[in-house]
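Have your viewer open and your selection tool ready? Let's take a short walk around the binding site, one selection at a time.

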Amino acid sequence: RAKDHGRNNYQLYAAEMSSLSFERLALGNMLRKALDHEELLVHYQPQLDLRTGRIFGMEALVRWQHPDLGLISPLQFISLAEETGLISPLGEWVMRTACAQTKAWQAAGLAPLRVAVNLSARQFKHVGLIDTVAQVLDDTGLEPQYLELELTESIVAENAEATIATLRDLKAMGIKLSIDDFGTGYSSLSYLKRFPLDLLKIDQSFVHHMTSDSDDAAIVTAVINMAHSLKLKVIAEGVQTEEQLSLLRRQDCDQVQGNLFSKPIAAEEFGQLLLQQATNERWQHLLRTGS
Ligand code: C2E
Ligand code: MG
Ligand code: MG
Ligand code: MG
């Protein structure tokens, strides 16, 4: 009886395993086709300077527009892309699309705008990364200071010589480097002084609870103060309420990003937002100088 039971369990487990990996395999093939058939798109979420209130840049976030399944979140396919090795071509496509779009907005007089692109750990380790980044900037004509690469703590946690060399190469090109989801990794803080970073992105889990949980509030304060002592800028991710915003302002946070301002939106919609901002500023300028 017990033996039967055990065997059944094993069979169930095996069946689940194979169907799971079959599913992953099928999804992997679908994703490969999506990349070829232009089913991927990039959405943009504005990032604002807390002092001026201006949109100074945006984060590029990939989506998969499947003909039958609809819009698929990156949370559902980035890890798959990593497992299947598709992350390098996918990541290059996102970077190219985002840089070309940013250059187009700059050329339309909406300059200066900076775009932040997420880099996965596997993509970071790819030997061709530096050449790819250089090629994308060259092809699109975007100046390097307008590109920011968001790294995960898992990338910098590896204290390998190769990691430091890659970061120095990127920095030497003039690219900005940030740490995404700061505070959620298990790494030591010593990398902050060794690596040539520009910005820390406070993870949204701290931001969401900073107005109700004093521990989260303390962490946000500590991150902002530490960053400033290290001459780094700080951006708070996932700002959703005015209460969070005013607390962040009081704590001297530099930049904000979150649904309070805008969810990630399609390029066309983002362009409208930029145009609106430019128009407002022009009118404000006219009203000031004309009075
Ligand atoms: P992330 O880089 O930390 O990006 C921020 C995520 O938080 C985005 O989710 C964004 O939509 C969401 N978010 C922003 N503000 C708010 C808010 O106020 N409230 C809430 N609840 N959420 C907010 P998204 O677009 O689903 O992306 C999820 C993750 O997928 C990203 O997290 C990033 O790790 C990964 N990802 C997205 N695009 C790419 C890409 O092109 N390459 C790589 N390697 N990873 C990507
Ligand atoms: Mg990010
Ligand atoms: Mg993040
Ligand atoms: Mg995240």
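Which strands and helix each supply at least two residues of the shell around ligand 1? In this predicted model, select strand S2 (55-66), strand S6 (176-182) and helix H9 (204-209), and you have the answer. Of these, S2 deserves a colour of its own, since it gives the most to the shell, with four residues.

Next, select everything around ligand 1: you should get 24 residues, the closest being Arg63, Asp180, Gln204, Gln240 and Asn259. Colour the shell by class and you will find eight nonpolar, ten polar and six charged residues.

Now zoom in on the polar contacts. Start at Gln240, where a polar side-chain atom lies 2.6 Å from a nitrogen atom of ligand 1. Move to Asn259: here a polar backbone atom is 2.8 Å from an oxygen atom of the ligand. Then pick Asn118, whose side chain has an N or O atom 2.9 Å from a ligand oxygen. Taken alone, ligand 1 exposes 800 Å², and the protein buries 82% of that.

Hide the ligand for the last stop. The space it takes is the largest pocket, with a volume of about 1,000 Å³. Its lining has 37 residues, and the closest to the pocket centre are Leu61, Pro74, Leu75, Asn118 and Asp180. Show helix H2 (78-84), helix H3 (87-110), helix H4 (121-125) and strand S5 (147-151), which are among the elements that each supply at least two lining residues. S2 gives the most here, with five residues. By class, the lining holds 13 nonpolar, 16 polar and eight charged residues.

Notes
Residues numbered from 1 in each chain as written. Chains lettered and ligands numbered in written order. Predicted model: local features only at pLDDT ≥ 70, side-chain atom pairs only at ≥ 80, totals over all residues. Heavy atoms only, no water. Near = heavy atom within 4 Å. Polar contact = N/O pair within 3.5 Å; in protein donor to acceptor, adjacent residues only side chain to side chain. Areas by Shrake-Rupley, 256 points an atom, 1.4 Å probe, with all protein chains shown as cover. 1 Å grid on protein atoms, 1.4 Å probe; cavity = no way out; pocket = protein on both sides within 12 Å on 5 of 7 lines; lining within 4 Å. Sits in = over half its atoms within 2 Å of the grid points. Nonpolar A, V, L, I, M, F, W, Y, C, P; charged D, E, K, R; others polar. Points joined across faces, edges and corners; volume = space filled by probe spheres on them.
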